[in-house]
Amino acid sequence: MEKTPDNMQYKSCGICSKLADKETAQMKSNLPEGAGKLNIVVDLNPFDDRKVQLRQCPGCRTYYIYRLIHDSSSDVQELTRLSEAEVANYLNHMAEHSKIW
């Protein structure tokens, strides 16, 4: 399935339609079930316990950023739906930083 230019195809997706634009949960609780169905495309912070992952829906191909944020009182999970422009920025950033000279 191709995403529509206005990035609205997620509204009819069985996974993404059940996710808000931004989901937050303490580590003791969980993000909504659909969050676990997203594929990890790349771990943007692989050597750190503060996870930052680009994830994608296997159905409608919508992208998300998943973050595990540590603070003094508890750990927080955050999942944010990305616009096509935001996805392009992340992918460009990854391409620039993965070049071998």
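Arginine 61 is partly exposed in this predicted model, with a relative accessibility of 41%. Arginine 61 sits in the loop between E3 and E4. The phi angle of arginine 61 is near 70°, a positive value in a residue that is not glycine. Most residues other than glycine have a negative phi.

The chain as a whole contains 1 helix and 5 strands. Along the sequence these elements follow the order β-β-β-β-β-α. Of the 101 residues in the chain, 33% are buried. The exposed area of the chain is about 6600 Å², and carbon and sulfur atoms supply 52% of that area. Among contacts between residues at least 6 apart in sequence, 42% join residues at least 24 apart.

The largest nonpolar core consists of 15 residues. Within this core, the residues with the most contacts are Cys16, Leu38, Cys57 and Leu79. Strand E4, which covers residues 63-70, gives the most to this core, namely 3 residues. A second core, separate from the largest one, has 6 residues, among them Val52, Leu54, Tyr63 and Leu82.

Two residues of the largest core were examined further. Cysteine 57 is in contact with Cys13, Ile15, Cys16, Leu38 and Thr62, when its neighbours within four places in sequence are left aside. Leucine 79 belongs to strand E5. With a relative accessibility of 1%, leucine 79 counts as buried, because the limit for a buried residue is under 20%. When neighbours within four places in sequence are set aside, the contacts of leucine 79 include Leu19, Leu31, Ala35 and Leu38. Tyr64, Ile65 and Tyr66 are also in contact with leucine 79, as are Asp21, Lys22 and Glu23. For one of these partners, glutamate 23, the C-alpha to C-alpha distance to leucine 79 is 5.1 Å, although the two residues are 56 apart in sequence.

Charged side chains form 4 salt bridges. One of them joins the side chains of aspartate 21 and arginine 81, with an N to O distance of 2.2 Å. Aspartate 21 lies in the segment before strand E1 (22-26) and arginine 81 in strand E5 (residues 75-81), so that this pair links distant parts of the chain, 60 residues apart. The two partners are unlike in exposure: aspartate 21 is partly exposed, with a relative accessible area of 46%, whereas arginine 81 is buried, at 8% relative accessibility.

Another salt bridge is formed by the side chains of lysine 22 and glutamate 78, with an N to O distance of 3.6 Å. Because lysine 22 lies in strand E1 and glutamate 78 in strand E5, this pair ties together parts that are 56 residues apart in sequence. Lysine 22 is partly exposed, with a relative accessible area of 49%, while glutamate 78 counts as buried at 14% relative accessibility. Both residues also belong to a network of salt bridges that links Lys22, Arg67 and Glu78.

A further salt bridge is found between glutamate 33 and lysine 37, where the closest N and O atoms are 3.6 Å apart. Glutamate 33 is exposed, with a relative accessible area of 64%. Lysine 37 is partly exposed, at 44%.

Arginine 55 is placed in strand E3 (residues 52-56). Arginine 55 is buried but has no salt bridge. Aspartate 43, the nearest side chain of opposite charge, is 8.3 Å away from arginine 55; a salt bridge is therefore not assigned to this pair, since the cut-off is 4 Å. The side chain of arginine 55 does make a polar contact of 2.5 Å with the side chain of glutamine 53. Not counting residues up to four places away in sequence, arginine 55 touches Ala35, Leu38, Asn39, Ile40 and Val41, and also Thr62, Tyr63, Tyr64 and Tyr66. Among these partners, Leu38 is one of the residues with the most contacts inside the largest core, and Tyr63 is part of the second core.

Conventions:
Residues are numbered from 1 along each chain as its sequence is written. This is a predicted model: local features need pLDDT of at least 70, side-chain atom pairs count only at pLDDT 80 or more; totals for chains, interfaces and linings use all residues. Side-chain values use heavy atoms; hydrogens and water are left out. A nonpolar core is a set of buried Ala, Val, Leu, Ile, Met, Phe, Trp, Tyr and Cys residues joined through side-chain atoms within 4.5 Å. Buried means under 20% relative accessible area, exposed over 50%, partly exposed in between (1.4 Å probe, protein chains only). Helices (H or I, at least four residues) and strands (E, at least two) are DSSP runs, numbered from the N terminus. Contact means heavy atoms within 4.5 Å. Accessible areas come from the Shrake-Rupley method with a 1.4 Å probe; for residues, only the protein chains shown count as cover. Lys and Arg count as positive and Asp and Glu as negative; His and the chain ends are not counted. A polar contact is a pair of N or O atoms within 3.5 Å; within protein, one must be able to donate a hydrogen and the other to accept it, and residues adjacent in sequence count only if both atoms are side-chain atoms.
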